[in-house]
Amino acid sequence: MDSRLFKEVAYKSLDEFVYGHAKKPVHLKNGMVIGGGTLYPELNFTLPPMLISESTMPNVITQYEEIIHGACSKALELNVPGMLVEIELLPPCTFNPQWGIEIAKVAKNIMADYEAKHGLKSALRLTPVDIREGKNLKHMYRGEQWDNLMATCKGAAEVGADFLAVESVGGKNLHDEAIMNCDLPKALFSLGVVACHDMTILWDNIVKIAQENNSLPSGDTACGLANTSMVLANKNFIPKVFAAVDRVMCAVRTLVAVERGAVGPDKDCGYEGVYIKAISGTPISMEGKSSACAHSSTVGNIAACLADCWSNESIENIRLLGGMAPTVSLENLIYDCRLMNVATSKGKALEMRDMLAESDRRYDPQAYVLDPAVVLKLSEQIVKGATHLERTKIAAAATITELREAHKAGALDLPAKEVRYLDILEQQLNSIPADQEEFAHMVMKQTTPDKFDPAKYDLTAK
Amino acid sequence: MSHFENLSEAVIAGNEQKVVELTGLALNDGVAPLSIINDGLIAGMNVVGKRFKEGDMFVPEVLMSARAMGAGVELIKPHLLDGEVPNKGTIVIGTVKGDLHDIGKNLVSMMLESSGYKVIDMGVDTAPEEFVAAAKEHNAQVVGLSALLTTTMLSMKETIEAFKSAGIRDNVKIIVGGAPISQSFCDEIGADGYSTDAAAATELVGKLLNQ
């Protein structure tokens, strides 16, 4: 077994598994402690419709300045104990690292200014786009895309980004194919083999950059993977049970970031973060009803049960009646956090957690697998696997069993067409050869190089 | 049940083996090849499209049905005269310049192919001139533009302008889609149609081509 694999879960009791508290809190220089007992808001946003080019960059920078000023001003007004600001760069700002770095610098300077003048504690999470996609990609770890991705991480850390994160896309094309065909073996291979391999190389490099530049490697998310399943399931395009199984499987690949040295908080849109927290003890950011401004979900409340930061995913910088949308969204986050922090201070955090869970759990399998008790139970099984592939397979099998039992016990509402897919997925899982080479051969026969080219990953085609 | 009903049922069930078997039987019995396609295979696929739109079928089931139909068509092709192979139209589709997201576009492509259209998929990050060149080369009737980002949706307008500059804007219907796109944005940039998802896109293309 790889010595970096977590061999047991971080939590022995459900009573210590709760929002705001993590076994391995992250301490910042300004005194913020993420996972140290306080739930912090984490604001994310995007630009209104506008092209990004060299000529529009001054306008782009102005947009970011206005957003950060508005957010800091609102945070100050509402007395936040601290907040995170995440900037998920748009593709041109990673293809042109100097643009992304300039945005990070401007944002960090404003935040530092508010801290110096007004005592507002904050931290900047900078997330370049994983641009290793598209027709021109020659290799995942060499060439223009890789170089620009790494240069953006390095430059952002140098200008003061407190955290580095990424929504990595290793295995994504193969996984997309798996989702659209509800092909569990292909999903398993794309996650347990390809994505985990990619995460290892990617995060070794991000961790190194962070360590050399006084930044913290925070974490990844299966945004391009399980969130794609989630969105399609919520449109009724694929079964929700597939999306739920996919979510838990994705935990293994997202955890690789922590195995390689990431310290948290894990990225907000990675709902599998609850499994990262359970297994590694690192803090996580989560999003739920607060992210309805960006996408719909069926986990609005239950997603908050174990959050250490509470995020809005993304909101466009447009004017609403109450002000600019990011500022309005931050206000909502602050009030959510206030309520939950007060519950903690009154010794009611576990009751709050359980109410959040109960309000969503039975209505959707994707919500059910975020229930803290279920998370701990499945995590205990996942860590028994000796390899990433084995762990991902265990995650799938255990989730299928859990969902079936929950449905039989009347704890989870599932229509007949969803229940039928539990059987289909189980049959698919049982068809997978135990031998990894044989399994790889089986998957390779059913895909094409435009979906997965092993050479681009320095993997051997079997 | 008749050949056609059996074939339709097999297509709806996504049973490729059964479709091949029944298509062979129908050919042996002297049923007109084009009728096998239109009254058996496509009739079944029409039911699939309706059920999908109504939420009674998932995408993977639609794709299984499409593959089953495709297997039947392949068997029939040698029995058809040139030009008899049904093609409801040619569509060039892609994600616009600067945008790397493609799952929505891929779904639309699959649904269109499943419905009998020929789809030329340009992939992601497609420049306006690439769309124009592909539309010319393949004599496309429809061009589909996809974008997920607020900072790339304006590339749709640039692409439409490129079709105007190339003098072929009136030769094609241009449809748009993606999370930040709306009907008003579609109207504003002069596109011909907007759809909210893959099921609606197939219906939209059908309407535009029948105008």
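Here are some friendly notes on this predicted model, going from confidence to cores, rings, sheet and single residues.

1. **Confidence.** Since this is a predicted model, the scores are a good place to begin. The predictor assigns the complex an ipTM of 0.91 and a pTM of 0.94. For chain B, the average pLDDT is 93, and 100% of the residues score at least 70.

2. **The layout of chain B.** Chain B splits into domain 1 (3-79) and domain 2 (90-210). Between the C-alpha centres of domain 1 of chain B and domain 2 of chain B there are 28 Å. Where these domains are in contact, eight residues come from domain 1 of chain B and six residues from domain 2 of chain B.

3. **The largest nonpolar core.** Which residues touch the most other members of the largest nonpolar core? They are A:I87 and A:Y275, in a core of 198 residues. Helix α6(A) gives this core its largest share, 15 residues. Chain B takes part too: domain 1 (3-79) and domain 2 (90-210) of chain B each supply at least three residues to this core. A second core, of 26 residues, lies apart from it, and its members include B:A134, B:A162, B:V176 and B:I181. As background, nonpolar side chains in soluble globular proteins tend to be buried together.

4. **Around A:I87.** If you would like to look at the surroundings of A:I87, leave out residues up to four places away in sequence. A:I87 then touches A:F45, A:Y64, A:I103, A:A107, A:L124, A:R125, A:L126 and A:T127.

5. **A:V60, another buried residue of chain A.** A:V60 sits in helix α1 (residues 57-77) of chain A. Its relative accessibility is 0%, so A:V60 counts as buried. Setting aside neighbours within four places in sequence, A:V60 is in contact with A:L47, A:M50, A:I52 and A:I103. A:I103 is also among the residues that A:I87 touches. By contrast, A:G36 is 24 residues from A:V60 along the chain, and their C-alpha atoms are separated by 35 Å.

6. **Aromatic pairs.** How many aromatic pairs does the structure hold over all chains? There are eight. In one of them, the ring centres of A:Y11 and A:F17 are 4.7 Å apart and the planes meet at 45 degrees, so this pair is tilted. A:Y11 has 1% relative accessibility and therefore counts as buried; A:F17, at 0%, counts as buried as well. A:F189 and A:F452 make an edge-to-face pair, with 6.1 Å from centre to centre and 75 degrees between the planes. That pair links distant parts of the chain, 263 residues apart: A:F189 belongs to helix α6 (residues 184-212) of chain A, and A:F452 to the segment after α16 (436-445) of chain A. A:F189 and A:F452 are both buried, and they belong to one aromatic cluster with A:F439 and A:Y457.

7. **The sheet of chain B.** Five strands of chain B build an open sheet with parallel pairing, in the order β2-β1-β3-β4-β5. Why do β2 and β5 (193-194) of chain B each have one side without a neighbour in the sheet? These strands stand at the edges, and each has a single partner strand. At the β2 end, four bridges join β1(B) to strand β2 (residues 118-121) of chain B, and the two run parallel; B:I93 has B:D121 as its bridge partner in β2(B). At the β5 end, strand β4 (residues 173-177) of chain B is joined to β5(B) by two bridges, again parallel, and B:V176 has B:Y194 as its bridge partner in β5(B).

8. **Is strand β1 of chain B buried or exposed?** Six of the six residues of β1 (residues 90-95) of chain B are buried, so the strand is largely enclosed by the rest of the structure. Both of its faces are covered, with B:T90, B:V92 and B:G94 buried on one side and B:I91, B:I93 and B:T95 buried on the other.

9. **B:I175 in strand β4.** B:I175 is found in strand β4 of chain B and is buried, at a relative accessible area of 6%. Beyond its neighbours within four places in sequence, B:I175 is in contact with B:V142, B:V143, B:G144, B:L145, B:G193, B:L204, B:V205 and B:L208. B:E54 lies 121 residues from B:I175 along the chain, with 22 Å between their C-alpha atoms.

How values were computed
Residues are numbered from 1 along each chain as its sequence is written. Chains are lettered from A and ligands numbered from 1 in the order in which they are written. This is a predicted model: local features need pLDDT of at least 70, side-chain atom pairs count only at pLDDT 80 or more; totals for chains, interfaces and linings use all residues. Side-chain values use heavy atoms; hydrogens and water are left out. pLDDT is the predictor's confidence in each residue, from 0 to 100. Rings of Phe, Tyr and Trp (its six-membered ring) pair if their centres lie within 6.5 Å; planes under 30 degrees apart count as stacked, over 60 as edge-to-face and the rest as tilted. Buried means under 20% relative accessible area, exposed over 50%, partly exposed in between (1.4 Å probe, protein chains only). A nonpolar core is a set of buried Ala, Val, Leu, Ile, Met, Phe, Trp, Tyr and Cys residues joined through side-chain atoms within 4.5 Å. Domain bounds come from an automatic or database domain assignment. Contact means heavy atoms within 4.5 Å. Two strands pair if DSSP finds at least two bridges between them.
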